[in-house]
Amino acid sequence: MDRRSINDLSEDIKNRIAEVLDKGDQLPNWRLLIRDVIRQYMPLYDEAFVTKYFAMETLLPGGSPTLKLLNDLGERKITVGVLINWISSLNQMRPNLQLQAVLNLLTGSPIITQDVESEVHGTHGQHVRIHCEASGQQPLHFQWFKKRVKLHGQTGNTLTLQNVWERDEGYYICRVADSSGCTFTSWAKVIINEDYTAYGSSQFDLPVITSQPDHRVPVHVLQGSQLRLYCDGVGRPAPSFQWYHNNTPIQEATNRVFTRSAASTEDQGLYFCKVYNSAGETLSQSTQVIVARHGGDLPVRRGGSGPTDSDPSDSERVANKVALLIGNKDYHFQQLGRLFHPINDACDLTGRLVNMGFNVVSLVNLTLAEMREALVEFCKLLVKDTYAVFYFAGHGFERGGRSYLMPIDATDSYLRNENLASAEVLSAMQATEAKLNVVLLDCCRTE
């Protein structure tokens with residue numbers, strides 16, 4: 001752990017952190033950072049009081065709550081290592097490319113300046129390219145992977161797949177390394193579409209929508225949680241997609257799946273998707289999205305009262321599906337080593353669950369405190385009629401007939417108080433009103 005004082009950080013790095021966290025109501029922000037600070041280093045203070053104290057900085061010309069907080073933490077002798085853990089926690093709960101760049105500045109790892117596209121489409125026989133940009137100590141070393149398999153010879157910042165076919169479909173990622181460390185891009189999913197002209201046909205078919213949100217039932221989502229809408233269609237040639245919000249096209253929302261990682265009240269309104277090709281276009285039905293500020297604002301069914309205007313009948317009701325995936329790979333203790341598979345396994349399972357209609361939160365490299373916090377937040381989502389999936393990949397062991405999941409800050413002493421008992425996960429999920437709980441553990445059970 002980096003034991004430098006926060007006061008030793010350069011003003012440039014402090015200002016970069018402030019640029020990301022001084023965002024008012026946008027997440028992640030300095031208010032979330034204060035939550036962790038209060039819990040660990042100022043437990044005797046009231047969170048609302050401390051938040052108001054730092055919020056006063058916004059009233060001053062050029063005032064920054066984040067810079068004032070960093071200076072206060074520096075006076076309290078808080079180390080850079082602790083700050084890295086806090087910001088890592090924010091980034092895992094609310095993934096953010098700018099926040100990842102700050103982490104890379106603090107740790108000295110390369111910075112991804114241009115991430116890969118989440119979906120890359122190609123047609124049989126064409127060339128497909130996936131590109132990323134990064135900065136760091138020169139020289140930078142790029143290495144592309146398909147799932148967990150290293151692609152030999154693919155060591156540039158652009159991956160080129162020639163004459164693609166179905167075998168080339170899947171998830172790709174790039175590792176960028178320099179003398180200080182390494183970082184990864186996001187996953188890029190390659191989708192290969194069939195080329196109808198290969199059959200000698202010049203016919204064009206207007207797109208037909210095969211899947212879309214139910215326009216009869218408003219989509220309710222809690223503020224700060226994920227909003228996910230899905231639309232699909234077929235046509236000749238293969239169609240493209242464009243999502244609209246209140247009749248305005250959404251920039252970069254050009255995939256079958258539209259997501260907002262942290263929905264806000266600004267995301268309320270009517271949504272529809274345009275499915276189009278060279279033959280023409282077809283519009284999906286409009287779906288209303290309602291963002292609730294509190295869990296109590298979400299529609300619920302009350303015993304004996306029957307369906308309400310905002311609640312579908314039993315025959316139409318679709319259970320809410322929520323999944324929490326944790327992949328721990330970079331263990332701090334040298335004897336435990338570093339694993340490679342958890343990230344790939346979590347990515348594979350994420351894709352499968354999303355296709356099944358699950359809202360998925362996928363987290364990597366959590367400490368014990370972060371694992372417990374993630375479990376608490378996850379269980380808050382397990383309301384009545386929820387289908388819940390908990391998945392863990394990483395080190396584990398069994399002692400005294402009980403199995404334990406190992407956080408990245410555990411030692412090789414296999415102490416119970418350093419690890420999360422699987423029974424703790426089960427009991428927390430069973431205490432909710434979830435309709436179905438599934439726990440999947442991909443780890444060892446012996447020391």
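Ile-87 touches Ile-17, Leu-99, Val-102, Leu-103 and Leu-106, leaving out residues up to four places away in sequence. I start there because Ile-87 is among the residues that touch the most other members of the largest nonpolar core, a core defined by buried residues joined through side-chain atoms within 4.5 Å. Before going on: this is a predicted model.

That core has 30 residues, and the others in the same top group are Ile-17, Leu-21, Leu-83, Trp-86 and Leu-106. Which elements give two or more residues to it? They are helix 1 (11-21), helix 2 (30-41), helix 3 (47-55), helix 4 (65-75), helix 5 (80-93) and helix 6 (97-107). Helix 5 contributes the most, with seven residues. Apart from this core lies another one, of 28 residues, and among its members are Val-322, Leu-324, Phe-392 and Val-425.

Now the chain as a whole. It has nine helices and 27 strands. Of its 447 residues, 44% are buried. The accessible surface comes to about 23,200 Å², and carbon and sulfur atoms account for 49% of that. As for contacts, take those with a sequence separation of 6 or more: 67% of them are between residues 24 or more positions apart.

On to the strands, beginning with strand 8, residues 170-177. Is strand 8 mostly covered or mostly open? Mostly covered: seven of its eight residues are buried. Strand 8 pairs with strand 5 (residues 141-146) in the antiparallel sense, over six bridges. One place to look in that pairing is Lys-146, whose bridge partner in strand 8 is Tyr-172. Strand 8 is also joined to strand 10 (residues 188-193), antiparallel, by three bridges. There, Gly-170 has Val-190 of strand 10 as its bridge partner. Strand 9 (residues 182-184) is a further antiparallel partner of strand 8, again with three bridges. In that pairing, Ala-177 stands opposite Cys-182 of strand 9.

Further along the chain there is an open sheet of three strands, in the order 24-25-26, with antiparallel pairing. Strand 24 (396-399) and strand 26 (420-421) are at the edges, each with a single partner strand, so one side of each has no neighbour in the sheet. Strand 25 (residues 402-405) is joined to strand 26 by two bridges, and the two run antiparallel. Tyr-404 stands opposite Ala-421 in strand 26.

Next, the cysteines. How many disulfides does a search of the whole structure find? Zero. Two cysteines show the reason in distances. For Cys-132, the closest cysteine sulfur is in Cys-174, at 4.1 Å, which is too far for a bond. The cut-off used for a disulfide is 2.5 Å between the sulfur atoms. Cys-132 is buried, at a relative accessible area of 0%. Cys-231 has its closest cysteine sulfur in Cys-273, again at 4.1 Å and again too far for a bond. Cys-231 has 0% relative accessibility and so counts as buried.

Both cysteines of that second pair come up again around Ser-284. Ser-284 is in the loop between strand 19 (280-283) and strand 20 (287-292). Is Ser-284 buried or exposed? Its relative accessibility is 8%, so it counts as buried. Leaving out neighbours within four places in sequence, Ser-284 is in contact with Ile-209, Gln-212, Cys-231, Phe-272 and Cys-273. With Cys-273 there is also a polar reach: the side chain of Ser-284 comes to 2.8 Å from the backbone nitrogen of Cys-273.

The last residue on my list is His-245, in strand 15 (residues 240-245). Why does His-245 count as buried? Because its relative accessibility is 17%, and the limit for buried is under 20%. Which residues does His-245 contact, aside from neighbours within four places in sequence? They are Ile-250, Glu-266, Asp-267, Gln-268, Gly-269, Leu-270 and Tyr-271.

To recap: the largest nonpolar core has 30 residues, with helix 5 giving the most to it. Strand 8 is mostly covered and pairs with strand 5, strand 10 and strand 9. The search for disulfides finds zero. That is what I have for today.

Note on methods: Residues are numbered from 1 along each chain as its sequence is written. This is a predicted model: local features need pLDDT of at least 70, side-chain atom pairs count only at pLDDT 80 or more; totals for chains, interfaces and linings use all residues. Side-chain values use heavy atoms; hydrogens and water are left out. Helices (H or I, at least four residues) and strands (E, at least two) are DSSP runs, numbered from the N terminus. Buried means under 20% relative accessible area, exposed over 50%, partly exposed in between (1.4 Å probe, protein chains only). Contact means heavy atoms within 4.5 Å. Two strands pair if DSSP finds at least two bridges between them. A polar contact is a pair of N or O atoms within 3.5 Å; within protein, one must be able to donate a hydrogen and the other to accept it, and residues adjacent in sequence count only if both atoms are side-chain atoms. Accessible areas come from the Shrake-Rupley method with a 1.4 Å probe; for residues, only the protein chains shown count as cover.
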